[in-house]
Amino acid sequence: MKKILIMTLFIAPAIILNAQKIGKLAPEKPPEVFPPNAWGIDLMFGEGGFGLGTFYRKSLSQTVTGFVDISFSESKDEREVEYIDYFGNTYVFGKKNRVFVIPLNFGAQYRLFMESLTDNLRPYVCAGIGPTLVLTTPYDKDYFAAFGDAKSKIAAGGYIGFGANIGTDKSNLVGLNLRYYYIRLFDGGVENLENRFRKELGGVYISLNIGLMY
């Protein structure tokens, strides 16, 4: 019995050590290294309709990316109600001006869950800040002709959001994000509807990002 106990004391550690060696996982695949620069366009969908933007991104590390972006979209009063007449024309009762916002933002995005998710899905949070050009055009004129009478103001702005880049292609960038824009005027505001002035022009946008990496 004593011999069996002694043999067990010597053999058991060897079995455990061998089991640990057998149970070791293969080395993890190193993360993909993507090109540091990206340029592309944002296709934006928000409360005011469709918008369009462009961006430039520069990787500062594996998790932090700096960016600059600019976009153009319409900002509508939540009280606007659009009607369609017998001939298919659309109009809004009491609307005085169309309002457009052109925010220029500088910011950074931080990649999330880098250690636990594959490179095929690269989620991030982002934030930007910068000035916003606000344009108003008279509603009683044709859409494009009205820009001849456009008036402009400068507002303070910025946004926060989250999104993800998709795929492992190292030449093309495809992503999707959700942003909340904060845009505020510090004067009397702008007049979408007759005698109703707005100072806060931000909102929520969903953006599809399509670009090139190099």
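1. Met-114 and its contacts. In this predicted model, Met-114 touches Pro-31, Gln-62 and Thr-63, leaving aside residues up to four places away in sequence. Met-114 sits in the loop between β6 and β7. Is this loop residue buried or exposed? Met-114 has a relative accessible area of 15%, and the cut-off for buried is under 20%, so Met-114 counts as buried. Between Met-114 and Tyr-124 there are 9.5 Å from C-alpha to C-alpha, for a distance of 10 residues in sequence.

2. Thr-65. This residue belongs to strand β3. Its relative accessibility is 12%, and therefore Thr-65 is classed as buried. Leaving aside residues up to four places away in sequence, Thr-65 touches Arg-57, Lys-58, Ser-59, Leu-60, Gly-107, Ala-108 and Gln-109. Thr-65 is also one of the residues nearest the centre of the largest pocket, which is the topic of the next point.

3. The largest pocket. Its volume is about 420 Å³. The lining consists of 26 residues, and those nearest the centre are Phe-34, Ser-59, Gln-62, Thr-65 and Arg-122. Gln-62 is also among the residues that Met-114 touches, while Ser-59 is among those that Thr-65 touches. Which strands supply at least two residues each to the lining of this pocket? They are β1 (37-46), β2, β3, β6 and β7. By class, the lining has 13 nonpolar, eight polar and five charged residues.

4. The cavity. Rolling a probe the size of a water molecule over the atoms shows where empty space is left. How many cavities of 30 Å³ or more does a search of the whole structure find? The search finds one. The space in the largest cavity is about 70 Å³. Its lining is made up of Asp-42, Phe-55, Arg-57, Phe-67, Asp-69, Gln-109, Tyr-124, Cys-126, Tyr-159, Asn-177 and Arg-179. Two or more of the lining residues come from each of β2 (49-59), β3 (64-74), β7 (121-138) and β9 (172-184). Sorted by class, the lining has five nonpolar, two polar and four charged residues. Arg-57 and Gln-109, both in this lining, are also among the contacts of Thr-65. Tyr-124, another lining residue, is the residue whose C-alpha lies 9.5 Å from that of Met-114.

5. The chain as a whole. The protein chain contains one helix and 12 strands. Along the sequence the helix is followed by the strands, in the pattern α-β-β-β-β-β-β-β-β-β-β-β-β. The chain has 214 residues, and 37% of them count as buried. Among contacts with a separation of 6 or more, 64% are between residues 24 or more positions apart.

6. The barrel. Which strands close into the barrel, and in what order? Eight strands do so, in the order β1-β2-β3-β6-β7-β8-β9-β12, with antiparallel pairing. From one strand to the next, the twist averages 25 degrees. Strands of a sheet pair through backbone hydrogen bonds, either parallel or antiparallel.

7. Pairings of β7. Strand β7 pairs with β6 (residues 97-111) in the antiparallel sense over 13 bridges. In that pairing, Asn-97 has Pro-138 of β7 as its bridge partner. With β8 (residues 151-166), β7 also pairs in the antiparallel sense, over 16 bridges. Ala-127 is bridged to Ile-160 in β8, and Val-134 stands opposite Lys-153 in β8.

8. Pairings of β12. Nine bridges join β12 to β1 in an antiparallel arrangement, and Ala-38 stands opposite Met-213 of β12. The antiparallel pairing of β9 with β12 has 10 bridges. There, Leu-178 stands opposite Ile-206 in β12.

9. The two faces of β12. In a regular strand the side chains alternate between the two faces of the sheet. Strand β12 (residues 203-213) shows this alternation. Which of its residues point to the buried face? Gly-203, Tyr-205, Ser-207, Asn-209, Gly-211 and Met-213 point to one face and are buried. Val-204, Ile-206, Leu-208, Ile-210 and Leu-212 point to the other face and are not buried. Met-213, the partner opposite Ala-38, is thus on the buried side, whereas Ile-206, opposite Leu-178, is on the other.

Technical notes. Residues numbered from 1 in each chain as written. Predicted model: local features only at pLDDT ≥ 70, side-chain atom pairs only at ≥ 80, totals over all residues. Heavy atoms only, no water. 1 Å grid on protein atoms, 1.4 Å probe; cavity = no way out; pocket = protein on both sides within 12 Å on 5 of 7 lines; lining within 4 Å. Points joined across faces, edges and corners; volume = space filled by probe spheres on them. Helix = DSSP H or I, 4+ residues; strand = E, 2+ residues; numbered from the N terminus. Nonpolar A, V, L, I, M, F, W, Y, C, P; charged D, E, K, R; others polar. Buried < 20%, exposed > 50% of the residue type's maximum accessible area, 1.4 Å probe, protein only. Contact = heavy atoms within 4.5 Å. Pairing = 2+ DSSP bridges. Axes fitted to C-alpha atoms, helices over the stretch in contact; angles between N-to-C directions.
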